Amino acid sequence: MRKITDQKFDEERALYGSNDILVQNCSFDGPADGESAFKECRDTSVEHCFFNLRYPFWHDHGLKISDSEMTQLCRAALWYSDHIEISGSKLHGIKALRECSDVTMTDCSVISPEFGWSVHRISMKDTTAESEYFMMRSTDIHFENVTMKGKYSFQYIENAVFENCRFDTKDAFWHAKNVVVRNSEVKGEYLAWYCENVTFENCRIIGTQPLCYCKGLKLENCEMIDTDLAFERSDVDAVITTPVLSIKNPLSGHIRVPAAGEIIRDIDGADGVVEITAK
């Protein structure tokens, strides 16, 4: 493995097409304002580096990034790449990860609108994120101990498991399919409309008008806080451990809840059973 240490690069395609390299303590910044520093590289390790230029990791295969920083000016940092490991790093430019596969992220900070679009087979652990349209249209996702704040997250995702996470995000999980959210808190308006085969286990759900127009929806031992007009036109089986403000027109299934401030049935076919369990 060829080592490159303690250098500064600002030219276009500075390390284009390199194979089997270790880059340490380098800076990708400067007046030449060059793009695509690592484009078309293979088997690349990057440690303790600083990135302030656009598009550094496109079409890369076999990439390890650790203890590095990508600034706000480092736009669209990782696209069309695969077999990626990122640890202890900051990804702070817009569209930082897109059209990638086989990605592992640990102990990272993400501040990146439109992060993670069309990513396949990604695991994320012990990471914080701020984003809009986070992880849209991605598949085969496993998150553990991830804290995320933003809007429009996890839309159109498929085949995902989220464990011990905290999400503060409106319009999350719209059109999501085959998802399990476990031991987590999900806060935000209009949660998971139009989703299919989504399960919440031992979760706290906070916010108005959650879980409407859903198919195959399940809630197991979940708290629902400040939730009104829940389950509108949904097929749902739910065991809820806290009172809800109101439930509106569940189409089918069985909802068990200690108390409901209001149960609204004002359309034909709203035949879901609501069972009040408190004595």
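**Exercise 1. Which residues is Leu78 in contact with, leaving aside its neighbours within four places in sequence?**

Before we start, a word on the ground rules: this is a predicted model, where local features need pLDDT of at least 70, side-chain atom pairs count only at pLDDT 80 or more, and totals for chains, interfaces and linings use all residues. Residues are numbered from 1 along each chain as its sequence is written, and side-chain values use heavy atoms, with hydrogens and water left out.

*Solution.*
- Step 1: Contact means heavy atoms within 4.5 Å.
- Step 2: With neighbours up to four places away set aside, Leu78 is in contact with Phe57, Leu63, Ile65, Met70, Ile84, Ile86, Leu91, Ala96, Leu97, Arg98 and Cys100.
- Step 3: Leu78 also belongs to the largest nonpolar core, which has 77 residues. Such a core is a set of buried Ala, Val, Leu, Ile, Met, Phe, Trp, Tyr and Cys residues joined through side-chain atoms within 4.5 Å. Leu78, Phe162, Phe173, Phe200 and Phe231 have the most contacts inside it.

**Exercise 2. Describe the protein chain as a whole.**

*Solution.*
- Step 1: Look at the secondary structure, and you'll find zero helices and 29 strands. Both are DSSP runs, numbered from the N terminus: helices are H or I with at least four residues, strands E with at least two.
- Step 2: Put a box around the C-alpha atoms along the principal axes, and it comes to roughly 70 × 30 × 25 Å.
- Step 3: Check burial: 52% of the 279 residues count as buried. Here buried means under 20% relative accessible area, exposed over 50%, and partly exposed in between (1.4 Å probe, protein chains only).
- Step 4: Turn to the contacts with a separation of 6 or more; residues 24 or more positions apart account for 5% of them.

**Exercise 3. Which salt bridges does Arg54 make with Asp33 and Glu35, and what do they tie together?**

*Solution.*
- Step 1: Side chains of opposite charge can pair when their charged atoms come close. A salt bridge is a side-chain nitrogen of Lys or Arg within 4 Å of a carboxyl oxygen of Asp or Glu, and the whole structure has 13 of them.
- Step 2: Asp33 and Arg54 meet at 3.2 Å, N to O. Asp33 sits in the loop between strands S4 (27-28) and S5 (42-47), and Arg54 in the loop between S6 (50-51) and S7 (57-58), so the pair ties together parts 21 residues apart in sequence.
- Step 3: Glu35 and Arg54 meet at 2.9 Å, N to O. This pair also links distant parts of the chain, 19 residues apart.
- Step 4: Put the pieces together: Asp33, Glu35 and Arg54 are linked in a network of salt bridges. Asp33 is partly exposed at 37% relative accessibility, and Glu35 is partly exposed at 23%.

**Exercise 4. Is Glu201 buried or partly exposed, and where does its salt-bridge partner lie?**

*Solution.*
- Step 1: Glu201 and Arg182 form a salt bridge at 2.8 Å, N to O.
- Step 2: Glu201 is in strand S22 (residues 196-201) and Arg182 in strand S20 (residues 177-182), so the pair joins parts 19 residues apart in sequence.
- Step 3: Glu201 counts as buried at 18% relative accessibility, while Arg182 is partly exposed at 23%.
- Step 4: Thr199 lies in strand S22 too, and is buried at 12%. Leaving aside neighbours within four places, Thr199 is in contact with Val179, Val180, Val181, Lys218 and Glu220.
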